[in-house]
Amino acid sequence: MQLSLSSLFITIIFTAILILIFNALLTCKKSYIFFRTDFLSVLAIIIVLRLLFPIEFKFTQSIAVAPIMNPFYNIMHYKFHSFEIYNLLLLIWVIGIIIKSIEYIFSISQSNKNYKLLISNSVKLETNELDAELDIFPIFSSKFLYVPTVFTTKKSIFLPTTLYTKSELNNILRHEISHIQHHDGLIKHIINFVVILYWWNPFVYIFRNQIHLLLEMCADYKSTKNFNEIENNQYIRDLISIQKKTTIYNQVHKYSNSNIIDESIKVLEYRINYMIENKYKKKTNKLLLATLILFPFLTNSIILEPSFPAPDEHELLSEKDLKNGYITVNKDGTYTFHVGKFKGIINNPKSKEFKDIPIIKGE
């Protein structure tokens, strides 16, 4: 396994395509005819793993794509005030990760403070009238909330002072309990960790936004999987009723809590349409799902590499040429020196004239 410019490049390209597909499946109302939550969940896992491990394996085959990779490598190795561009970009990348990590740690700290503030200004509810299977986590009522909220890491559910019917309350709790039981808070932390790592990549922000919708859809499925048609329709009516009662949306902290009603009416509309079509209780075609599971191996089976013509045997290289070049380690154990449009085999990359030349994996 090896991390290289080429493996990172191919990872960014493939994950961008996958995220666009993921986004399209969650925004096209008719996509759920073929793609269920199981397919979307597997696709999300593949995207996360691909981003967390942008590496090439032993079975990865190199493909020379000179029109794309040659300019990419030339730009990355171009020197700017004694810094090669890729070193400069790497430094900016690391600084960005540090800043985003500090911001995230602060957000978690603020969320914990909000939780303590809510606890001190909330009343623990009596649960005698609830269904027995719903009386498993602490339930509080707070005048500071306008929407049902759960702190998954604290395993606590908070309700606004809004008056809900027994059916609405039971369905709210089913939904929020499913978030806790299936560790949706941890999933959000993992997704935010990916966003921190790739803070400069606009596609990861699209992915994070759509993960929220997927988690809500999965919670709907887990809440209604044992429902008959009448109970399923009542759940839908309760969602609409709760939305109407929620006149102001107040999300305590987006990184650690979840709610039954999203701030977007379009999101709620999608969830309801999905349930009306009764697709939650169906599974994706096994062949289609198997193909998706094999996809990561297919995307890791190739890697794009630069390719330069061999230099003329009489070509003389100046000291400036040497400083602007780089060395690749070939699979057969040989070394190739690259500079500009030329390349040539060298015997000893540790010799005096090549000692400061960067070495990367080659063909």
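Biologist: Which helix holds isoleucine 102?

Modeller: This is a predicted model, so to speak a computed one: local features need pLDDT of at least 70, side-chain atom pairs count only at pLDDT 80 or more, and totals for chains, interfaces and linings use all residues. Residues are numbered from 1 along each chain as its sequence is written, and side-chain values use heavy atoms, leaving out hydrogens and water. Helices (H or I, at least four residues) and strands (E, at least two) are DSSP runs numbered from the N terminus. The run from 85 to 120 takes in isoleucine 102, and that's helix 4.

Biologist: Is isoleucine 102 buried or exposed?

Modeller: Buried is under 20% relative accessible area, exposed is over 50%, and partly exposed lies in between (1.4 Å probe, protein chains only). Isoleucine 102 comes out at 55%, so it counts as exposed.

Biologist: What about lysine 155, which class does that fall into?

Modeller: Lysine 155 sits in the loop between strand 6 (149-151) and strand 7 (156-159), and its phi is positive, near 55°, though it's no glycine. Its relative accessibility is 45%, so lysine 155 counts as partly exposed.

Biologist: And what is the phi of histidine 183?

Modeller: Look in the loop between helix 5 (166-181) and helix 6 (184-197) to find histidine 183. It isn't a glycine, yet its phi is positive, at about 55°.

Biologist: Which residue in strand 11 stands opposite threonine 328?

Modeller: Strand 10 (residues 326-329) pairs with strand 11 in the antiparallel sense over four bridges; pairing takes at least two DSSP bridges. Strand 11 (residues 335-339) is mostly covered, with four of its five residues buried. Opposite threonine 328 stands threonine 336.
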